[in-house]
Each structure stands twice: as structure tokens, then as C-alpha cells.
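Biologist: Could you take me through the aromatic residues and the nonpolar packing in this structure? I would enjoy a close look at how the rings sit and what lies around them.

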Amino acid sequence: MKEVKSKDSKLNLVLLGAPGAGKGTQARLLCDAINIQHISTGDIFRKHIAGNTELGIQVKEYLDNGLLVPDSVTIEIVKLRLSECKQGFVLDGFPRTVLQAQALDELVNIDSVINISVSIDKLASRLALRRVCHCGKTFTAPNLDVKSIQCVCGGKAVQREDDKQAIVKRISVYQSDTAPLIEFYQKQGKLFTVDGMQSIELVHQSLYSKLFG
Ligand code: ADP
């Protein structure tokens with residue numbers, strides 16, 4: 001892995017991992033800890049869908065069916081968002097294809113890529129039990145019958161549409177299109193892996209200590 005800067009300097013990070021690996025949760029913890037911006041392409045798309053914008057209408061079917069939004073659309077969205085992040089960022093859910101990774105390299109220097117590794121057979125059950133609040137906080141339901149969980153923000157965490165129906169498809173798209181990025185970033189010497197099967201707090205700690213020693 002490349003030498004990483006101090007936690008006070010601007011840091012450009014990518015979080016890699018399958019759906020349900022914990023990218024969103026870890027991205028939020030990291031951003032709180034080191035004051036960088038969280039860029040989640042999934043969250044951006046879901047906001048547009050909720051707002052019924054032109055982009056939202058264009059991408060809804062892809063999300064509902066667990067398919068990737070076309071690279072050209074996704075890259076433009078990220079380009080725009082990156083231009084607002086002068087103090088460093090953690091990308092969560094981007095890149096998801098080699099083409100996206102190549103486009104990212106053209107746009108900005110990435111310092112480190114963190115791969116959150118979770119065994120594939122655990123992902124489907126994690127996603128089925130995931131409940132998400134509009135504030136972004138995620139919970140694990142005790143069983144499949146639990147429809148919603150009261151969030152600390154006062155909102156209700158519910159199941160995401162694509163966690164109801166597109167789980168298997170998303171995992172297979174991850175394996176075919178996104179997993180090759182592990183080798184892509186390994187070759188660049190920027191990748192390190194953390195064990196995503198540990199508790200949320202332990203994953204955060206190992207990620208943090210790998211970044212800052
Ligand atoms: P998860 O990692 O839990 O599957 P995300 O919130 O990161 O969920 O993404 C949800 C969906 O948004 C994806 O299944 C895909 O349809 C779309 N999406 C998000 N990021 C990208 C991307 N980089 N390229 C193409 N589609 C994307």
C-alpha cells in the first residue's frame with residue numbers, strides 16, 4: 001500500500017465492496033472521524049428518484065432491477081460532485097466498473113482504496129435484514145418480518161426497494177463488473193483489504209489504523 005498522509009491532510013479515498021459489505025456505514029464513520037466528504041452514487045440516484053427529477057426518472061429502472069446505471073451517466077454525476085469536494089472525499093459505490101475507475105483516474109488522484117471483504121454467502125441475508133432511514137443511518141432487523149425500525153433522528157428505517165427484489169442480481173453484477181477493480185487497484189499499489197465480517201466498530205478501527213498507522 002502507498003504511504004498515506006496524516007489524518008489532517010486532504011485525503012481522496014475509495015471504498016470497494018459488494019452490496020451489503022458495509023461501505024455506506026464505514027464511509028459515514030470515516031467522514032465523521034477525519035472530516036472529509038462522503039460521495040455515495042447510490043444515495044445521489046435515490047435522491048433524484050425520490051424527487052422525481054429527470055435523472056431520477058432515467059435511472060429508476062436500473063436501480064429497481066439491480067443493474068448498473070450506464071457509465072456515461074454515472075461518471076458525469078461523479079465529476080460534478082467531485083468539483084465540490086476540495087477537502088478530500090470517500091467514494092462509496094463508485095467506481096463500479098473498470099471504465100469508471102479509468103475515468104476517475106483522469107479526474108483526480110486517489111490516495112488509497114479500501115476493500116471491505118465479506119463472504120458472498122453472507123451478503124444476501126445482510127441485505128434482506130437491512131433497514132435504512134432517510135437520514136442515511138442503517139440498521140439490521142432482528143428478523144425478516146420487521147418492516148421498520150425507529151431511527152434516532154425520529155424517522156423510520158425501512159427496507160430499500162432494491163433490497164426487496166434485486167439482491168441476487170446486484171451480487172452477480174458485483175462479481176462480474178466490480179470485483180475486477182480489486183486487481184485494478186492492487187496493480188496501482190493503492191489497495192488494502194479489511195475484514196468486513198467483524199463488528200462495525202472493529203471494521204472502522206482496522207480501516208482507520210491501516211490508513212493512519
Ligand atoms: P449497494 O452497494 O448496497 O448495492 P448503492 O446504494 O451503492 O447500493 O447502489 C444502489 C444502486 O445504484 C446500484 O445497484 C446501481 O443500480 C446504482 N449505482 C450506484 N453506484 C453506481 C455506479 N458507480 N455505477 C452504476 N450504477 C450505480
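Modeller: Happy to, and please keep in mind that this is a predicted model. Let's begin with two neighbours in sequence: phenylalanine 184 and tyrosine 185 are both buried. The rule for aromatic pairs yields two of them here. In one, the ring centres of phenylalanine 184 and tyrosine 185 are 5.0 Å apart and the planes meet at 85°, which is over 60 degrees, so this pair is edge-to-face. The other joins tyrosine 208 and phenylalanine 212, with 4.8 Å from centre to centre and 55° between the planes, so it counts as tilted. Those two residues are separated by about one helical turn, because they are four residues apart in helix α10 (residues 200-212). Tyrosine 208 has a relative accessible area of 23%, so it is partly exposed.

A charge also meets a ring: lysine 137 lies over the face of phenylalanine 139, at 5.4 Å from the ring centre.

Now back to Tyr185, which leads into the packing. Together with Leu91 and Leu104, Tyr185 touches the most other members of the largest nonpolar core, a set of 27 residues. Among the elements that give two or more residues to this core are β1 (12-16), β3 (89-92), α5 (98-107) and α9 (180-187). The top contributor is α4, with five residues. As for leucine 91, leaving aside residues up to four places away in sequence, its contacts are Leu13, Val14, Leu15, Ile39, Val78 and Leu104.

Technical notes
Residues numbered from 1 in each chain as written. Predicted model: local features only at pLDDT ≥ 70, side-chain atom pairs only at ≥ 80, totals over all residues. Heavy atoms only, no water. Phe/Tyr/Trp six-rings, centres within 6.5 Å; stacked < 30°, edge-to-face > 60°. Buried < 20%, exposed > 50% of the residue type's maximum accessible area, 1.4 Å probe, protein only. Lys NZ or Arg CZ within 6 Å of the ring centre and 35° of its normal. Core = buried A, V, L, I, M, F, W, Y, C linked by side-chain atoms within 4.5 Å. Contact = heavy atoms within 4.5 Å.
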